[in-house]
Amino acid sequence: MKRLTRSAQRALDRYLHTLRTCLTGSNAIDAHEVEHDVLGHIEQELSECREPIAWARLQIVLDRLGSPLMWVPEHDLPSWKQLLLRLRIGPEDWRLAYASFALWMLAVVALLAAYEPIALGALLGSFVTARAARAFGGELDQSDRSKRWLTEPALATAALVLGGAVLLSVLPAMALVSRELVEIDTLRLQFPSVYHISQRLVAVFERPVSWGWIRSALLHGGPWLLLPLGAWWLVLGGIARWRPRWFAITFSPGRPNCAARVGRLLMIAGALVIGTGVAIGLVKTLSIAI
Amino acid sequence: MKPRKDLRPEKWTTQLRKGVLELCVLNVIATGRLYGYEIAKRLSALSEPTVREGTVYPILSRLKQEGLLEATIEASSEGPPRKYFALTAHGRRRLRHMNAAWDLLDDNLKTLRRRTAP
């Protein structure tokens with residue numbers, strides 16, 4: 001068999017899976033033989049194409065072959081097989097995408113009605129089904145683009161929640177570390193400046209989180225809060241930029257280019273946060289000196 | 001009133017073509033030993049795209065299981081080995097019977113249409 005692109009190989013595997021599902025169980029037809037013959041047909045059709053064969057080229061051949069669902073009259077199959085077929089294949093390829101959108105809608109409604117546990121469960125379910133729909137549909141080729149509108153809300157919501165948590169995860173870590181540091185007496189005696197910084201950070205993190213918190217955090221925590229945050233974003237940006245696949249696995253399945261773009265933006269944001277931290281530190285030092 | 005899905009004209013035509021596809025496959029193979037791809041191509045050239053090329057393969061498998069066709073695999077200089085199909089003696093008898101039944105049906109339908117024509 002000629003070498004296919006990844007999306008073409010997935011489309012072929014899916015087609016053969018459908019073929020096997022449709023024909024297995026029929027007493028009159030040897031499913032294995034038909035699969036072999038159909039593969040021979042596809043190979044013959046693609047014999048003059050340049051490798052790797054693209055999805056679009058393969059799809060022309062598969063369209064001409066037609067869906068295996070149409071090949072066998074239903075009455076040739078036992079009734080359990082007919083039922084199984086209806087449940088497993090066909091235009092129901094869309095079931096996962098629809099399920100994802102329905103669960104996402106349920107999550108929104110549950111959130112508005114203040115049923116948080118249901119909202120969380122539905123959101124998790126919508127994310128899992130959206131990822132499954134994407135994995136099942138392969139890369140976003142022409143036929144799958146329309147499914148994107150059904151799966152994107154779940155993926156975007158999950159990316160926002162998870163992304164926010166990852167971006168800000170350094171703050172609780174800092175709160176924890178600074179709380180531990182102020183408990184160490186030797187630190188107070190031997191490194192008083194580090195001790196004072198830890199004290200300031202503890203004071204910042206003890207205030208209730210609100211819009212005013214950001215202002216007071218910048219005023220009191222200043223550079224000591226922003227420098228680690230910026231450095232963390234630089235690290236995350238670097239991972240997304242140079243290891244886009246790692247980032248794409250979680251946030252943007254099938255689109256490593258998008259991950260690289262986000263990585264660049266995150267690194268710029270990290271540098272800006274560090275710059276702001278340094279600027280606040282300088283202003284404070286200068287104002288004290290004056 | 002909206003017509004029932006299975007009675008719509010295009011659906012009826014497709015079903016009719018599918019129904020006679022077995023007869024077409026046997027008639028194509030009666031012209032000589034052919035391999036699956038060739039049979040599919042010859043039939044699709046005859047029947048427009050309403051009957052897909054893939055439909056031929058389960059029919060070939062069924063006809064072979066029924067003993068109407070025999071298959072032999074031969075090496076090919078242009079790619080993988082090819083499976084050639086030929087009619088068995090039983091297949092030739094069945095084809096004669098099916099062609100006769102078709103001719104009779106065709107004649108009867110023509111006569112009926114002549115008689116009922118306005």
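These legends describe close-up views of a predicted model with chains A and B.

**View 1. Chain A is built from helices.** Chain A holds 13 helices and zero strands. Its pattern along the sequence reads α-α-α-α-α-α-α-α-α-α-α-α-α. The chain has 290 residues, and buried residues make up 36% of them. Take the contacts in chain A with a separation of 6 or more: residues 24 or more positions apart account for 63% of these.

**View 2. Chain B mixes helices and strands.** Four helices and three strands are found in chain B. From the N terminus, the order is α-β-α-α-β-β-α. Chain B has 118 residues, of which 36% are buried. For contacts in chain B with a separation of 6 or more, the share from residues 24 or more positions apart is 49%.

**View 3. The largest nonpolar core includes residues of chain A and chain B.** This core has 48 residues. Val38(A), Ile42(A), Leu65(A), Ile39(B) and Leu60(B) have the most contacts inside it. Helix α1 of chain A, residues 6-23, gives the most to this core. Its contribution is eight residues.

**View 4. Ile42(A) and its contacts.** Ile42(A) is one of the residues with the most contacts inside the largest core. Which residues does Ile42(A) touch, leaving aside its neighbours within four places in sequence? Met1(A) and Leu12(A) are in contact with Ile42(A). So are Leu58(A), Val61(A), Leu62(A) and Leu65(A). Leu65(A) is itself among the residues with the most contacts in the largest core.

**View 5. A second core is separate from the largest one.** This second core has eleven residues. Among them are Phe205(A), Leu225(A), Trp233(A) and Val273(A).

**View 6. The interface between chain A and chain B.** On the chain A side, 19 residues are in contact with 19 residues of chain B. The area buried between the two chains is about 1800 Å². Carbon and sulfur atoms give 51% of that area. Glu33(A), His41(A) and Gln44(A) supply 29% of the area that chain A buries against chain B. No other three residues supply more.

**View 7. Salt bridges and polar contacts between chain A and chain B.** The two chains share five salt bridges. Arg64(A) and Glu53(B) meet through their side chains in a salt bridge, at 3.7 Å from N to O. Eleven residue pairs are in polar contact across the interface, with both residues at pLDDT 80 or more. Which elements give two or more residues to the side of chain A that touches chain B? They are α2 (31-45) and α3 (55-65) of chain A. The largest share, eight residues, comes from α2(A). By class, this side of chain A has seven nonpolar, four polar and eight charged residues.

**View 8. A cis peptide bond in chain A.** Glu51(A) and Pro52(A) are joined by a cis peptide bond. Its omega is about -10°. Pro52(A) sits in the loop between α2 and α3 of chain A.

**View 9. Ala114(A) has a positive phi.** The phi of Ala114(A) is about 65°, although this residue is not a glycine. Ala114(A) belongs to the loop between α5 (95-112) and α6 (116-137) of chain A. Is Ala114(A) exposed, partly exposed or buried? Ala114(A) counts as partly exposed because its relative accessibility is 48%, between the cut-offs of 20% and 50%.

**View 10. Thr88(B) between a strand and a helix.** Thr88(B) lies in the loop between β3 (79-87) and α4 (89-116) of chain B. Its relative accessible area is 15%, under the 20% cut-off, so Thr88(B) is buried. A polar atom of the Thr88(B) side chain lies 3.0 Å from the backbone nitrogen of Gly91(B). Leaving aside neighbours within four places in sequence, Thr88(B) is in contact with Gly67(B), Leu68(B), Leu69(B) and Glu70(B).

**View 11. Leu272(A) in helix α13 of chain A.** This helix spans residues 256-289. Is Leu272(A) buried or exposed? With a relative accessible area of 57%, over the 50% cut-off, Leu272(A) is exposed. Leu272(A) and Leu226(A) are 46 residues apart in sequence. In space, they are 9.7 Å apart, C-alpha to C-alpha.

Methods:
Residues are numbered from 1 along each chain as its sequence is written. Chains are lettered from A and ligands numbered from 1 in the order in which they are written. This is a predicted model: local features need pLDDT of at least 70, side-chain atom pairs count only at pLDDT 80 or more; totals for chains, interfaces and linings use all residues. Side-chain values use heavy atoms; hydrogens and water are left out. A nonpolar core is a set of buried Ala, Val, Leu, Ile, Met, Phe, Trp, Tyr and Cys residues joined through side-chain atoms within 4.5 Å. Buried means under 20% relative accessible area, exposed over 50%, partly exposed in between (1.4 Å probe, protein chains only). Contact means heavy atoms within 4.5 Å. Buried area is the accessible area (1.4 Å probe) that two parts lose on being put together, summed over both. A salt bridge is a side-chain nitrogen of Lys or Arg within 4 Å of a carboxyl oxygen of Asp or Glu. A polar contact is a pair of N or O atoms within 3.5 Å; within protein, one must be able to donate a hydrogen and the other to accept it, and residues adjacent in sequence count only if both atoms are side-chain atoms. Ala, Val, Leu, Ile, Met, Phe, Trp, Tyr, Cys and Pro count as nonpolar, Asp, Glu, Lys and Arg as charged, and the others, Gly among them, as polar.
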